[in-house]
Amino acid sequence: MNVTQTHVSPERKTLAAALLSVVLICLSWTVNAAETSYRVDLSERAMQQVTIEARFSEVTGDTLDFHLPVWRSGLYLVLDFVGTVSGLEVSDGNGEALAFEQTAKSSWRVSRPDSGTGDVVVRYRVYANSLNDRTRHVDSEHAFLNPAAVFVYADQLRDLPIELTLDLPDGWQAASGMEQPDRGRFVAPHYDRLVDSPIEAGTFDLVTFEAAGMTIDFLIHGIWDGDEERLAHDMGALVTATAEVFASADRGLPTDYYLFILHSGDGLGGGTEYYNSTLVHTDPRAFWDEDRWQGFLGLMAHEFFHTWNVKRFRPAAIDRYDYQDINYTELLWVAEGLTSYYDQLLPVRAGLVPVADYREQLADAISSVVDAPGYSQDTLARASLEAWTKGFHRGADRAPDKPNRTVSFYSQGGLLGLVLDLEIRRASNDGRSLDTVMTSLYDDFPLGGGGFTYADFRERLAAAGGDALAEQLDGWVYDTQPLPLADALQSIGWVLDREDTSEAEVQVSLDASLRGNPPVVFSPRLDGAAWRAGINAGDELMALDGVRIGSNLDALFRRYSPGDEVEFTLFRDGRLKTVPVTLNPVRGDHELEVDEDASEQVQRVRTDWLGGAEEDSAEEDGEEEDGEEEDGEE
């Protein structure tokens, strides 16, 4: 079904405020009153091109500077959207051409011979064929516009009201987190809200439901199973579980309306958070495959949790975005890492993922972090600061060595969140938790108020879990002190260990990431067998001790034991080389088991932490649900 949703701002908490807001919105619906207005021409959508007219009204002064952002929120990477802009023209309100010059890669200055008050109109084309990075994509089927990638702004008008009109084709609808007083016409209080409100237009499906006091619209463009009941149930449960993290907050809900925008297509994945909406990509197989569905739920939980963490409170260094430059902060392990902790936990609390499955997910996450060479090389603070230059930079020369020298503030930050949560619960006898810390950040640092610092976070951590925990935080964030994962998990009755590899088919390891057939070395592991032998990224492995390698490398390894020296024949830069390699033993992945001897108190803490979810309840009952077999857990 296609629906146009009109909604109101959550900040209208009194009748006077509500009336004032309505008046301001009504005033902004007229072009003359709006300080900046945009019109989007979709007539050339089949050619993946849009034409945009931006009108800056009531401009004063001899010049006007306007810009297009060089990045979009949620992706710590300079993208330079101006590369797909063409046909730029500038005129005054009467259509007379105005002189302008480009002053930087994404900035222009307009000369105004009459310095009195008047309009400046900027008209330009945008080629929109970039869906995977979630920036802009238009074709005969739909139009997706991430405002940061397509709408210019003027410095002097950035904080003033916005109006945007899409010239929609017949039969099309449009949706966004912004107010939509009429079909295809949106209003926003300022440019920052505009760029925080992606727009989808077309003939999409829309499922609407209520959850946790919010109206939720779930928009789908692409292939899906059409099961509206499951979609509404599962997404509603996630919304409710997330809201419960902040249930004790003085500020209440961050919004009374939320829009999920989903693009479903082959090879798609990932998501980005916005003020009261999110854009998520998925492969359609997620709707038919349970493992993929669980991953999809985690992605949804991650983006929705950002409605609080990042979109209602964020680090001081990025409280107000600079759209023309890199926005540095050492606290992405809070913004993204702690969100990643909750994105695995919330589907369990929502009753959508079995506890046994969560244990497996957590064990995999631990292996990916602790066994990465960068775990002893990099810090969370430095990884956050260098996200733009190392974490997300697409330089081919940086990718092979990145696992050796850096850490992920997403995954390692998530494990830090696990440790902090369980240690706070232990210190407070389960009276407080990481939820307490996140709620205090939400209450104390509203968006636009300056943001929080590391000292602010540390202070609230100390209040919840004690000074000793806050002191340990310094080593986990600014040094490479290992996380006490086994000890923290023992406090809720889970035992962390490694899988036994004594009977593994493959007994030795090359310690390198391989791709293709025959395998090409993507990344030699720091101090691993391949690294020490001088095997490089890009080497094509042709033979092992004279035996041709295809997809059979694991099978060939079964002839050897740790410590054996083998000879690899490889191609490098078009030349054949032979390299001797001393093989390493395989190291088992981590696994989490339930401590059957855990006390009742420990079990109660675990149940509370999991939001009431019971450990292996289906298996203990010995019953099968929905005709499925038991999964073999104890």
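Two strands are counted as paired here if DSSP finds at least two bridges between them, and this criterion underlies the sheet visited later in the tour of this predicted model.

Begin with the whole protein in view, coloured by secondary structure, which comes to 19 helices and 31 strands. The radius of gyration is 27 Å, close to the 26 Å that the globule rule gives for 634 residues, so the protein is as compact as a globular protein of that length. If you align the view to the principal axes, the C-alpha trace spans about 80 × 65 × 50 Å along them.

Next, switch on the surface, whose accessible area comes to about 26700 Å², with 46% of it belonging to carbon and sulfur atoms. Colouring by burial then shows the interior, since buried residues make up 53% of the 634 residues. Among contacts with a separation of 6 or more, 69% are between residues 24 or more positions apart.

Now select the charged side chains, where 51 positive and 112 negative charges have mean positions 8 Å apart.

Then hide the surface and select the open sheet of 5 strands, which has the order β8-β9-β10-β16-β13 with antiparallel pairing. Its edge strands are β8, at residues 129-130, and β13, at residues 173-176, each of which pairs on one side only.

Finally, move to strand β10 (residues 142-145) and strand β16 (residues 199-202), which run antiparallel and are joined by 4 bridges. Which residue of β16 is the bridge partner of H142? Selecting H142 and following the bridge into β16 brings you to G202.

How values were computed:
Residues are numbered from 1 along each chain as its sequence is written. This is a predicted model: local features need pLDDT of at least 70, side-chain atom pairs count only at pLDDT 80 or more; totals for chains, interfaces and linings use all residues. Side-chain values use heavy atoms; hydrogens and water are left out. Helices (H or I, at least four residues) and strands (E, at least two) are DSSP runs, numbered from the N terminus. The radius of gyration is taken over C-alpha atoms; the globule rule is 2.2 Å times the number of residues to the power 0.38. Buried means under 20% relative accessible area, exposed over 50%, partly exposed in between (1.4 Å probe, protein chains only). Contact means heavy atoms within 4.5 Å. Accessible areas come from the Shrake-Rupley method with a 1.4 Å probe; for residues, only the protein chains shown count as cover. Lys and Arg count as positive and Asp and Glu as negative; His and the chain ends are not counted. The place of a charge is taken as NZ of Lys, CZ of Arg, CG of Asp or CD of Glu.
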